[in-house]
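Thank you all for coming; please have the sequence and the model open while I talk. I will go slowly and explain each term as it comes up.

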Amino acid sequence: LSSSFSSLSLFHHFHTNISSVPDSGPEMAKPQVAVAPVVVSKLSVKAPEFYPSGYNQNFSQNFDSSYEDGYDGYLTLAEYVQDFLNHLTEQPGCFETEIEQFAETLNGWVTTDEALQELVELIYQQATSVPNFSYMGARLCNYLSHHLTISPQSGNFRQLLLQRCRTEFENRDEAAKGDEATRKQFHAFVLFLAELYLNLEIKGTKGQVTRAEILQEGLRELLNALFSNPVDNNLICAVKLLKLTGSVLEDAWNEKGKDDMNEVIQRIENVVLDANCSRDVKRMLLKLVELRSSNWGRVLGTSSHTEATPENDPNYFMNEPTFYTSDGIPFTAADPDYQEKYQELLEREDFCPDNEENGTDLPGADYLYFDDTDDEMDPEIEEAYEKFCLESEHERKQ
């Protein structure tokens, strides 16, 4: 009986241990091994095994708490700065909340000329190699130029940054003529320099804030390099540059009494007429000319008078339609001979009964710069018409 009781107890104990394990056959052995790893595991929820390959744990740990540990955990300045730049690239909205702590950390780390040079190079490379980081890079450069305390004899942060840009600037002609990869890198530099011009603030001795004048002149020379080598991607870069900075550049040049923007526009019109660029790029260039003719899309506030007139509202004629004389010369309501020319147009309407009485069916300002809705015109005829319109515009200006 005692022996039977012992056997029964043993059977009960064994049955309890395997009751939750599926029957896998008569050779099943050591069933308790199935749950042992869970019981003895020492893995934390933050164990490396739970992170995707390539994930940088230091990056997360150092930025999740807004730099509570400063640069602890980083072995080099380059590692710390590069992690912050990558973080800023992925989450640009963190700039306002984390830039102050970043600058404070750099002030404790960047204490030599070599370290400052390394910092400048890291930011420059990120701004000219990572798509869409040029604007954020320019903002970062502006902040650090005012908040880094180190100012060695070799130059402060802003001076070293401009020196680094000058190295690339001096190779502009060769880069604009280079292969596709070289031009792509050059275009990234051009757009970063444009963002620097807009965002880099220089404080004068009396507290006034100005832009870096050297960048203004630099952008003019970069435009020359791009237009001197009028392949498609060079011209597209020039369009991007002017859409970004055109209004600011023109205002700055006008203040100095310079006519540089008119020269740039004339250069564009010559490219449209003579260069062997694609029709799409010519369309972009002409749209840019149109943008500039509307004061870069800026709408100034109207006068305080209750009724706008040509005398008190500079935008009075902005949206007026453009008509054409019998010689194909465009004119608008701003033309001194508008009434006479418009009457002539109405008389011509008698011979064209299919047109609307108000003349809106005639080619207008939009048609002068490629009417997108006319897809049935023969390409050669359309190109000849575009050339005719530009030449007519030149004659009118003269």
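I will speak about salt bridges and then about one helix.

Please keep in mind that this is a predicted model, in which local features need pLDDT of at least 70, side-chain atom pairs count only at pLDDT 80 or more, and totals for chains, interfaces and linings use all residues. Residues are numbered from 1 along each chain as its sequence is written, and side-chain values use heavy atoms, with hydrogens and water left out.

Let me begin with charge: side chains of opposite charge can pair when their charged atoms come close. By salt bridge I mean a side-chain nitrogen of Lys or Arg within 4 Å of a carboxyl oxygen of Asp or Glu. How many salt bridges does a search of the whole structure find? The search finds 11, and I will take three as examples.

One of them joins Arg164 to Glu121, with the closest N and O atoms 2.7 Å apart. Arg164 sits in helix 8 (residues 157–169) and Glu121 in helix 6 (residues 113–129), so this pair ties together parts that are 43 residues apart in sequence. Helices here are DSSP runs of H or I with at least four residues, strands are runs of E with at least two, and both are numbered from the N terminus. Arg164 is buried, at a relative accessible area of 19%, whereas Glu121 is partly exposed at 29%; buried means under 20% relative accessible area, exposed over 50%, and partly exposed in between, using a 1.4 Å probe and protein chains only.

Next comes Glu213 with Lys256, whose closest N and O atoms are 2.8 Å apart. Glu213 belongs to helix 11 (residues 213–228), while Lys256 lies in the loop between helix 12 (232–255) and helix 13 (260–274), so parts 43 residues apart in sequence are tied together. These two residues, along with Glu217 and Lys258, are linked in a network of salt bridges.

My third example is Arg298 with Asp251, again with the closest N and O atoms 2.8 Å apart. Arg298 is in the loop between helix 14 (279–293) and strand 3 (323–324), and Asp251 is in helix 12, so the pair ties together parts 47 residues apart in sequence.

Finally, consider helix 14 itself, where the buried residues include Val281, Leu285, Leu288 and Arg292. Just after helix 14, Asn295 takes a positive phi of about 60 degrees.
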